[in-house]
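Visitor: Please take me through one helix of this model in close detail. After that, add what can be said about a loop residue and a pocket elsewhere in the chain.

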Amino acid sequence: MDARSALRKSMRQKRKSLTPKQQATAALKLLAEIQKLPSIHKSKHLALYLPNDGELDPTPIIHWCWKMKKNVYLPVLHPLSHNRLWFVKYTPRTPMTRNIYGILEPKAPYRFIRAAKMLDIVLLPLVAFDDKGGRLGMGGGYYDRTFNFIRQFNAQKPRLIGLAHHLQKVEQLPIESWDVPLTAVATDHGFY
């Protein structure tokens with residue numbers, strides 16, 4: 001097993017070992033941290049995710065965004081391009097379905113799709129991170145392929161902010177040439 005796979009397995013076990021109470025507390029602490037960001041307050045179009053596999057739950061952030069009249073989008077597995085994502089507007093009334101990984105996403109037909117380049121901020125999940133902007137995901141490469149244009153063209157938008165439990169931080173990640181670096185990482189204990 002290579003270093004990335006071993007680290008992925010270890011970190012997934014750590015975050016899944018958190019109790020429901022620890023998860024709920026971390027989600028509320030994360031909301032408080034996110035609310036400190038001036039760029040969040042200025043943003044109108046934000047992509048988030050619904051938690052899976054012990055990921056830090058951004059649901060309180062989603063509810064706060066709705067309250068603040070922001071447009072919230074969720075990732076949807078792109079039906080035509082392998083290992084890429086679409087972003088579909090998400091409201092309390094959006095019909096949902098489970099994708100091939102068992103993750104909830106807006107149900108087809110897709111209305112209100114927003115191009116990745118047109119999002120202001122993307123709050124995305126991760127398995128591990130370092131303080132240099134490195135992100136280790138689940139291994140499918142969906143976010144890296146979808147946001148490759150940032151690395152390729154040095155695009156300034158959208159800002160990619162990883163969300164993670166503080167325990168998912170490592171000293172240094174093994175980075176590959178295709179990895180798209182994060183702008184920042186927000187945890188239940190602060191920002192990196």
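Guide: The model is predicted. Helix H2 covers residues 20–34, and at 1.5 Å a residue its 15 residues should span 21 Å; the C-alpha atoms at its two ends are 21 Å apart, so the expected and computed spans agree. Seen down the axis of H2, the buried residues fall within an arc of 160 degrees, and therefore they line one face of the helix. These buried residues are Gln23, Ala26, Ala27, Leu30, Leu31, Glu33 and Ile34. The general geometry fits such a pattern: an α-helix has 3.6 residues a turn, so residues three or four places apart point the same way. On the face of H2 turned away from the buried side sit the exposed residues Lys21 and Leu28.

Now the loop residue. Arg111 lies in the loop between strand S5 (104–106) and strand S6 (113–114). Arg111 counts as exposed because its relative accessibility is 57%, the cut-off being over 50%. Beyond its neighbours within four places in sequence, Arg111 is in contact with Val88 and Lys89. Val88 is 23 residues away along the chain, yet its C-alpha atom and that of Arg111 are separated by 7.0 Å.

Last, the pocket. The largest pocket holds about 770 Å³ of space. Its lining has 37 residues, with Met138, Gly140, Gly141, Tyr142 and Tyr143 nearest the centre. Elements that give two or more residues to this lining are helix H1 (3–16), strand S2 (71–77), S5, helix H5 (142–146) and helix H6 (148–153). By type, the lining of the largest pocket divides into 17 nonpolar, seven polar and 13 charged residues.

Key: Residues numbered from 1 in each chain as written. Predicted model: local features only at pLDDT ≥ 70, side-chain atom pairs only at ≥ 80, totals over all residues. Heavy atoms only, no water. Helix = DSSP H or I, 4+ residues; strand = E, 2+ residues; numbered from the N terminus. Expected span 1.5 Å × (residues − 1). Buried < 20%, exposed > 50% of the residue type's maximum accessible area, 1.4 Å probe, protein only. Arc of directions from axis to C-beta. Contact = heavy atoms within 4.5 Å. 1 Å grid on protein atoms, 1.4 Å probe; cavity = no way out; pocket = protein on both sides within 12 Å on 5 of 7 lines; lining within 4 Å. Points joined across faces, edges and corners; volume = space filled by probe spheres on them. Nonpolar A, V, L, I, M, F, W, Y, C, P; charged D, E, K, R; others polar.
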